[in-house]
Amino acid sequence: MTWIKRIGFFLLTNILIMTTISIVTTLLGSMGFSIRAYGLDLTQLIVFCLMWGMAGSFISLLLSKMMAKWSMGVKVIDPKNASAPEMDVYRRVQSLAQRAHLPMPEVGIYESPEVNAFATGPSKSSSLVAVSTGLLNRMNAQELEGVLAHELSHVANGDMVTLTLIQGVVNSFAMFISRIIAYIASNAVKEEMAHIVRIAVTILLDIVFSILGSMAVAYFSRQREFRADAGGAKLAGRESMISALESLRKMVDMPEDPRGEALASFKISSNKGGFLSLFATHPALEERILALKQMR
C-alpha cells in the first residue's frame, strides 16, 4: 500500500501548506486589508493571493536540490575520486547530457532498496540526477541508460520549474476563491459572528480547494511523465526506455523508500490505483510502455 501512503503524503503536504498560509495570513489580519466599506478590493486580493500562493512554491524549488540531498542521503559523485560503478553512472549522465545539450548536472547515488531515480533542482544549470543502489543492483546497462535518459529529459523539459508554477497558480486560485466565498458567507451572518465565520470558512475552503487543486497538479505531472519517456527514448533509444519500464513493472512489489515521499513526482516510478489514481503523479507503467510502442 505504499502508493496510498505516497498519495496521502502528496495531499497532506499541500493541505498543510495551505492551512498554514491561511492561519498566518488570518492572524496578520490580511483579509481586513482587502475589505473596504463598499465591499471586497479584488485587485488587492489577487495580488495578495498570487504573492502568498507563488512564494511557497518557489521557496520549495530553490531548496529542492539541497533538501533532496539531505533527505535521501545522496552522495554526489566526484569524478576525481569515484569508484568504477560510480564513474559508470557519471559518464552515462555526462554522455546523455551532451546529447541533450544540457549543462552537466550533479550526479549522485543514494543507499536504498527501492528501484528508482529522480531529478530535481531549480534550473537546467543547477540540477541533480540521483539513482538508488537498488536500481544499480537490479538493472542492466540498457535499462540504466533508459532511466537516466528519462530523468535528464525532465531537466531538459524544465519540468521542475513548470510544476512549481502550476502548483503556485493552483494555490493562488484556491486562496482567491476561498476568500471571496468566505466574505460572502460572513455577510450572511450577524456582524458579531462575521469575523469568526470568515476565518473558519477561509481555512475550510483552503483545505477543500487544495485537495481539488492537487488533482490538476497530478494530472500535469502524469502528462510530463509521458513527455519524459518520449525524450528518454530519443536520447537513449526507444528499446532502452521500454526495457527500463518493463523492468520496473516486473518489480512493482519491490520496497519503496519512505524518505522519498516528497520527491515522488520527480521519480521515474510511482504506484497507484482506483479513484486515488486521480491524485497519482505517474501514469500506470502499462500505459507508458504502450505509449512508447506507439510512438513514431
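This text walks through the structure from the whole chain down to single residues.

The model is predicted: local features need pLDDT of at least 70, side-chain atom pairs count only at pLDDT 80 or more, and totals for chains, interfaces and linings use all residues. Residues are numbered from 1 along each chain as its sequence is written, and side-chain values use heavy atoms, with hydrogens and water left out.

Start with the whole chain. It holds 10 helices and six strands. Helices (H or I, at least four residues) and strands (E, at least two) are DSSP runs, numbered from the N terminus. Of the 296 residues, 51% count as buried. Buried means under 20% relative accessible area, exposed means over 50%, and partly exposed lies in between (1.4 Å probe, protein chains only). The accessible surface of the chain comes to about 13,900 Å². Carbon and sulfur atoms account for 65% of that surface. These areas come from the Shrake-Rupley method with a 1.4 Å probe; for residues, only the protein chains shown count as cover. Now take the contacts, meaning heavy atoms within 4.5 Å. Among contacts between residues at least 6 apart in sequence, 73% join residues at least 24 apart.

Next come the spans named in the record. UniProt, in an unreviewed entry, lists residues 7–33, 45–63, 160–184 and 196–220 for "transmembrane region". UniProt positions are given in the numbering used here, feature names are shortened, and annotations may be inferred rather than shown by experiment. Look at two of these spans in the model. Residues 45–63 are 100% helix and 0% strand, with end C-alpha atoms 28 Å apart. Residues 196–220 are also 100% helix and 0% strand. Their end C-alpha atoms are 36 Å apart.

Turn to the sheet. Four strands form an open sheet in the order 3-4-6-5, with mixed pairing. Strand 3 and strand 5 (117–123) stand at the edges. Each has a single partner strand, so one side of each is left without a neighbour in the sheet. Two strands pair if DSSP finds at least two bridges between them. Strand 3 and strand 4 pair in the antiparallel sense over two bridges. Here Val76 stands opposite Gly108 of strand 4. Strand 4 and strand 6 pair in the parallel sense over five bridges. In that pairing, Val107 has Val129 of strand 6 as its bridge partner. Strand 4 is largely enclosed by the rest of the structure, because four of its five residues are buried. In a regular strand, side chains alternate between the two faces of the sheet.

Helix 4 packs against part of this sheet. Helix 4 covers residues 84–99, 16 residues in total. The expected span of a helix is 1.5 Å times one less than its number of residues. For helix 4 that gives 22 Å, and the end C-alpha atoms are 23 Å apart, which agrees. Its buried residues are Glu86, Met87, Val89, Tyr90, Arg92, Val93, Leu96 and Ala97. Those residues pack against strand 3 (75–76), strand 4 (106–110) and strand 6 (126–132), and against helix 5 (133–138), helix 6 (141–156) and helix 8 (191–236).

What happens just after helix 4? His101 takes a positive phi of about 55° there. Most residues other than glycine have a negative phi. His101 sits in the loop between helix 4 and strand 4. It counts as exposed because its relative accessible area is 73%.

Last, the annotated sites. Which residues does UniProt list for "binding site"? The unreviewed entry lists His150, His154 and Glu225. They are spread over 76 residues of sequence, yet they cluster in space, with a largest C-alpha distance of 8.5 Å. Two helices are involved: His154 lies in helix 6, and Glu225 is found in helix 8. His154 counts as buried because its relative accessibility is 1%. Glu225 counts as buried too, because its value is 0%. Leaving out residues up to four places away in sequence, His154 touches Asp159, Met160, Arg224, Glu225 and Ala228. So the list of contacts for His154 includes Glu225, another residue of the listed site. The "active site" feature, again from an unreviewed UniProt entry, is placed at Glu151. Glu151 lies in helix 6. At 0% relative accessibility, Glu151 counts as buried.
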